[in-house]
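Please work through the exercises below with the sequence and the structure open beside you. Each task is followed by a solution that goes step by step.

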Amino acid sequence: MKKTLTSCAAALTLALGMTAAQAQILIGQSADLSGPVAASVKETIAGSQLVIDAVNAQGGINGEQIEVIRMDDGLDAKRSLENTRVLIEDRKVVALLLNRGTPNTLAVIPLLDKYGVALVGPSTGAMALHTPVQKNIFNVRSTYQREAEKAVQHLQTTGIQRIAVVQADDSFGKDAMEGASKGFAKANLQPAVVALADRNKPDYAAIVPQLTKANAQAVLWIGSGTAVTDGIKALRAAGSAAQIITLSNNAASGFIKELGSASAGVIITQVLPYERAAAHPLIKEAMTLAKAKGQNELSPALLEGFVATKVLVEALRRTGPKPTRARLIATLNSFQYDMGGGIDVSYSPTDHTGIDYVDLSIVSDGRFRR
């Protein structure tokens, strides 16, 4: 009899273990964990994980734990495509979250459409993800075009006339340049020079002389990670004191650390509220969770991951138990979410824009300042 009871207990334990393993919501992410924007991506993941850990600690969503399967693509679009195929076909994820890079995100759209999988909060502000509406992409942050336009207008209002542009020679760079062109038109200016840069291996020996020869007072540097930090260092080494302004894809503490002594005075556009605005509901919530993990500072990149993940978690909660890909997309297509402090996210079948917010910060003493 004792042996039978022991066998029954073992069987029950095994069954419960199988149930627990199955009661899991799988989310996928393909992003650069080892390449030129890895520092920024890791901060974004840290912000995302604050939300995931808090939700799981409270019992998950409708009793189901969330697991994020993250795969490294090194910012290579071909690797992003293969990673996404694996996540969708093999790992059977319910949704994707915070994929990084414009070419990388554009590359996976056919897979999203084929399998009906939502990508929430791609870490890119490409206009091509907004217009026309991509039915399975739900943006959270503002567009690069808005950022670049505001960057040029800001420089012009400070009296700067000779503004040069370094543009990554890829879909991200071309997209942001459209916004910059709008800014130049509104300011009634022409770029002092537009220097194209290879996405991963810019030729600084060719780029920097173009900037110094144009006697640029400011440089709008459209690029990512080390491709920008190394370029700024090369420009400073050439004796240029031009004001540098770059976009929010570089709004990470890791970016500032990589710049080192060349970081002072660099302006970076932002797409979320200031991370030291302690009274803001989002900042207060994120800081409380961060401090519980021994983290005493937030960064813009961390906040982007935090906010995008809150959107996905809320959508999963509203979708109900055992969320499917189709039901989640249906939820998102009629989604309104007031996150507090004037930050609202809403989607409809004809509008997947997300948050329309752009601001500027300046790097001082190794930190972002407003």
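## Exercise 1: a pair of strands

Asp338 has Asp344, a residue of strand S12, as its bridge partner. The model is a predicted one, and the exercises below should be read with that in mind.

**Task.** Determine how S11 and S12 run relative to each other, and which side chains of S11 are buried.

**Solution.** Step 1: Strand S11 (residues 335-338) is joined to strand S12 (residues 344-347) by four bridges, and the two run antiparallel. Step 2: Together S11 and S12 make a hairpin, with five residues between them, and in its turn Gly340 has a positive phi of about 95 degrees. Step 3: In a regular strand, side chains alternate between the two faces of the sheet. Step 4: In S11 this alternation places Phe335 and Tyr337 on one face, where they are buried, whereas Gln336 and Asp338 point to the other face and are not buried.

## Exercise 2: an open sheet

**Task.** Find which strands stand at the edges of the open sheet of seven strands.

**Solution.** Step 1: The order of the strands is S7-S6-S8-S9-S10-S13-S14, and their pairing is mixed. Step 2: Strand S7 (194-197) and strand S14 (367-369) each have a single partner strand, so these two stand at the edges, with one side of each left without a neighbour in the sheet. Step 3: From one strand to the next, the twist averages 25 degrees. Step 4: Within the sheet, strand S6 (residues 163-168) and strand S8 (residues 218-222) run parallel and are joined by five bridges, and Val166 has Trp221 of S8 as its bridge partner. Step 5: Helix H8 (residues 226-237) lies across S8 and strand S9 (243-246), and runs at about 155 degrees to S8.

## Exercise 3: two helices

**Task.** Check the end-to-end span of helix H3 against its expected value, and describe its ends and surroundings.

**Solution.** Step 1: H3 (residues 77-90) has 14 residues, which at 1.5 Å a residue should span 20 Å, and this agrees with the 19 Å between its end C-alpha atoms. Step 2: At the N-terminal end, Asp76 acts as a cap, with a side-chain oxygen 3.0 Å from the backbone nitrogen of Lys78, while Lys92, which follows H3, has a positive phi near 60 degrees. Step 3: The buried residues of H3 include Val86 and Leu87, and their cover includes strand S1 (24-31) and helix H4 (102-115).

**Task.** Decide how far helix H2 is enclosed by the rest of the structure.

**Solution.** Of the 20 residues of H2, 14 are buried, so H2 is largely enclosed.

Technical notes:
Residues numbered from 1 in each chain as written. Predicted model: local features only at pLDDT ≥ 70, side-chain atom pairs only at ≥ 80, totals over all residues. Heavy atoms only, no water. Expected span 1.5 Å × (residues − 1). Buried < 20%, exposed > 50% of the residue type's maximum accessible area, 1.4 Å probe, protein only. Contact = heavy atoms within 4.5 Å. Polar contact = N/O pair within 3.5 Å; in protein donor to acceptor, adjacent residues only side chain to side chain. Pairing = 2+ DSSP bridges. Axes fitted to C-alpha atoms, helices over the stretch in contact; angles between N-to-C directions.
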